[in-house]
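User: I am new to this structure and would like a close look at a single part of it. Please take one strand and describe its surroundings.

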Amino acid sequence: MPRLLKNCNNFSDLRDLARRRLPDPIFNYIDGAAEDEVSYRRNTEAFENYDLVPNVLAGVEEVDMSVEVMGFKIGLPIFCSPTALQRLFHHEGERAVALAAEKYNTLFGVSSLGTVPLKTIGKLIDTPKMFQFYFHKDRGLNSAMIEMAKEAQFEVLTLTVDTITGGNRERDLRTGFTSPPRLTLASLFQFGIKPVWALNFLLREKFELSQLKDHVQQGSNIAISIGDYFSTMLDQRLSWDDALKLRESWNGKFCLKGIMSAADAKKAVDIGADAIMISNHGGRQLDGSRSPFDQLEEIVGSVGGDIDIVLDGGIQRGTHILKAMALGATACSGGRMYLFALAAAGRAGVEKALDNLSSEIERDMKLMGIKSLSELNSDMVRAR
């Protein structure tokens, strides 16, 4: 392991290393969010409003960190949430994340805006795989992506429901971030001062949005911001009826990502979804929206036991995961928690991020006096 990576002991260390490796617009695409970024900050700060209450003398020499989510037993209570554009951050892209997730026996999600073909990922790993689906205006594209996921034997289809239009991502407006990067004097300067990234981007396989490139040029050959992509390419007529039809056409587990209200959680149960991901898209859509952790108790109180509940976003520590599970989350997921690591060092970086969290979870379970995550309950956490 490279010395710099070996010294990355937490989320912040990996974020700092990613900043050193990436051109500024690309780093800020990962790091940024919508408008004043209030929700982005709140996603992590919310965990500080709750304190853990440990028990002792519990005989915790051996602990079990596994959980079952959507019928799959995974080795960690956190998985790699689907994120877009990964080969912009490191040339290994989704391949690196897939292999790291398999090493730690956890779930891995691939975005509709992914940069490696689904069939490649399907052949690469045997652990459970999630395909994250954006509902496009082009129904032929929608059908094609579903078939790609089926052929690649993805076990979970996840419909993202909070991107009915693009969020106002002002950092991207300031930096001029697009996919693929638009060549300007400013971007060429950034490439020049980050030559390792630039050479990997320019000389390795051509960047593409692998699931979309045969249907739309935007994002692969025509530069576009992600906000503009969402606003122009996705179908704003998307409804609960569409979600139901999608679930009925899919032959595996079905999940909704972006649920934030108890009322919508109940509707997810009503259409037969297997899971929901409580998520505000990392604060990148509606700024001022509640954090997922702030909404967890209300949603668990409404549908807990009827559907798997994944807490997505803001997680930087093992204690964050234990707090979420004590309040009733089935499992947790995150994007930035591994994206900065991917940018920092490819597969080795993602493995380091997961290893850091695994070590923290094991240590924190022992300090909490539990041998299994199923022992966590609301008596072991207190709101301040």
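Analyst: What follows describes strand E9 and its neighbours.

This is a predicted model, in which local features need pLDDT of at least 70 and side-chain atom pairs count only at pLDDT 80 or more, while totals for chains, interfaces and linings use all residues. Residues are numbered from 1 along each chain as its sequence is written, and side-chain values use heavy atoms, with hydrogens and water left out.

Strand E9 covers residues 275-278; helices (H or I, at least four residues) and strands (E, at least two) are DSSP runs, numbered from the N terminus. Ala275 and Met277 point one way from E9, whereas Ile276 and Ile278 point the other way, and all are buried, meaning under 20% relative accessible area with a 1.4 Å probe, protein chains only. In a regular strand the side chains alternate between the two faces of the sheet.

On one pairing, E9 joins strand E8 (residues 253-259) in the parallel sense over four bridges, where strands count as paired if DSSP finds at least two bridges between them. Within this pairing, Cys255 has Ala275 as its bridge partner in E9. The chain passes from E8 through helix H14 (residues 262-270) to E9 in a right-handed β-α-β crossover, that is, with the strands pointing away from the viewer, the path from the first strand over the helix to the second runs clockwise.

E9 also pairs with strand E10 (residues 308-312), again in the parallel sense and over four bridges, and here the bridge partner of Ala275 in E10 is Asp308. Together with helix H15 (residues 292-303), E9 and E10 make a right-handed β-α-β unit.

How values were computed. Buried means under 20% relative accessible area, exposed over 50%, partly exposed in between (1.4 Å probe, protein chains only).
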